[in-house]
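Subject: Structure handover

Hello,

Here is the structure you will be taking over. Please open it first, then read the notes below.

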Amino acid sequence: MLVAAPDGSLAARGQIAPTGATAVADQIETAPGHRRRGLGSLVMRTLRNAAFQQGARTGVLSGTPAGRGLHEALGWEAVALLTSAKHCPPA
C-alpha cells in the first residue's frame, strides 16, 4: 500500500504477506513530514484488514522503538525486543 502526498511524493507505505493463518507486515513507514496525521494507522489497519480477508488470524512484524506506540495503540503486543547485528569476517 502506498499513500502519496498531494505533490506525489511518499507520505506513507507498507506491505503485508499473508502466509496462511499468519501475516507478516513489512516496511511500514510514514515520511517525517507526514507523521502524526493518522497515515500510519490507516496503512496498518488497511493491511490488517486485507490479510484478515485472505485468512490470516495472526500478524507479526519487526518494528522500531519509534513505531511501538502506534503498534500498541492498534492492538499489537510486543513479545520480544529485536536486536540487529552484523558480522564482518576478517579480510
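**A pair in helix 2**

Being four residues apart in helix 2, Arg 68 and Glu 72 are separated by about one helical turn. An α-helix has 3.6 residues a turn, so residues three or four places apart point the same way. Arg 68 and Glu 72 form a salt bridge, with their closest N and O atoms 2.9 Å apart. Arg 68 has a relative accessible area of 39%, so it is partly exposed. Glu 72 is partly exposed too, at 41%. Please keep in mind that this is a predicted model.

**The other salt bridge**

The structure holds two salt bridges. Besides the pair above, the side chains of Arg 13 and Glu 29 meet in a salt bridge, at 2.8 Å from N to O. Arg 13 lies in strand 2 and Glu 29 in strand 3, so this pair ties together parts that are 16 residues apart in sequence. Arg 13 has 32% relative accessibility and therefore counts as partly exposed. Glu 29 also counts as partly exposed, at 32%.

**The sheet**

Next, the strands. Four of them make an open sheet. Their order is 1-2-3-4, and the pairing is mixed. Strand 1 and strand 4 (58-60) are the edge strands, each pairing on one side only. On average, neighbouring strands of this sheet are turned by 20° against each other, direction ignored.

How do strand 1 and strand 2 run, and how many bridges join them? They run antiparallel, and three bridges join them. Within strand 2, Ala 12 is the residue that stands opposite Val 3.

**Helix 1**

Helix 1 covers residues 39-53, which makes 15 residues. At 1.5 Å a residue, the helix should span 21 Å. Its end C-alpha atoms are 21 Å apart, so the model agrees with the expected value. After the helix comes Gly 55, whose phi is positive, near 105°.

Where does helix 1 sit? It lies across strand 1, strand 2 and strand 3. It runs at about 20° to strand 2.

Several residues of helix 1 are buried: Leu 39, Gly 40, Ser 41, Val 43, Met 44, Leu 47 and Ala 51. The buried residues of this helix pack against strand 1 (2-4), strand 2 (10-19) and strand 3 (22-30). They also pack against helix 2 (65-73).

**The core**

In soluble globular proteins, nonpolar side chains tend to be buried together. Which residues make up the largest nonpolar core here? There are seven: Val 3, Ala 5, Ala 11, Ala 12, Leu 39, Val 43 and Leu 47. Strand 2 and helix 1 each supply at least two of them. Helix 1 gives the largest share of this core, three residues.

Ala 5 deserves a look. Leaving aside its neighbours within four places in sequence, Ala 5 is in contact with Ala 11 and His 34.

**After helix 2**

One last residue to find is Cys 88. Cys 88 lies in the segment after helix 2. Is Cys 88 buried or exposed? With a relative accessible area of 56%, Cys 88 is exposed; the cut-off for exposed is over 50%. Cys 88 and Gly 14 are 74 residues apart in sequence. In space, their C-alpha atoms are 30 Å apart.

Best regards

Note on methods
Residues are numbered from 1 along each chain as its sequence is written. This is a predicted model: local features need pLDDT of at least 70, side-chain atom pairs count only at pLDDT 80 or more; totals for chains, interfaces and linings use all residues. Side-chain values use heavy atoms; hydrogens and water are left out. Helices (H or I, at least four residues) and strands (E, at least two) are DSSP runs, numbered from the N terminus. The expected span of a helix is 1.5 Å times one less than its number of residues. Buried means under 20% relative accessible area, exposed over 50%, partly exposed in between (1.4 Å probe, protein chains only). Contact means heavy atoms within 4.5 Å. Two strands pair if DSSP finds at least two bridges between them. Axes are lines fitted to C-alpha atoms, for helices over the stretch in contact, and angles run from 0 to 180 degrees between N-to-C directions. A salt bridge is a side-chain nitrogen of Lys or Arg within 4 Å of a carboxyl oxygen of Asp or Glu. A nonpolar core is a set of buried Ala, Val, Leu, Ile, Met, Phe, Trp, Tyr and Cys residues joined through side-chain atoms within 4.5 Å.
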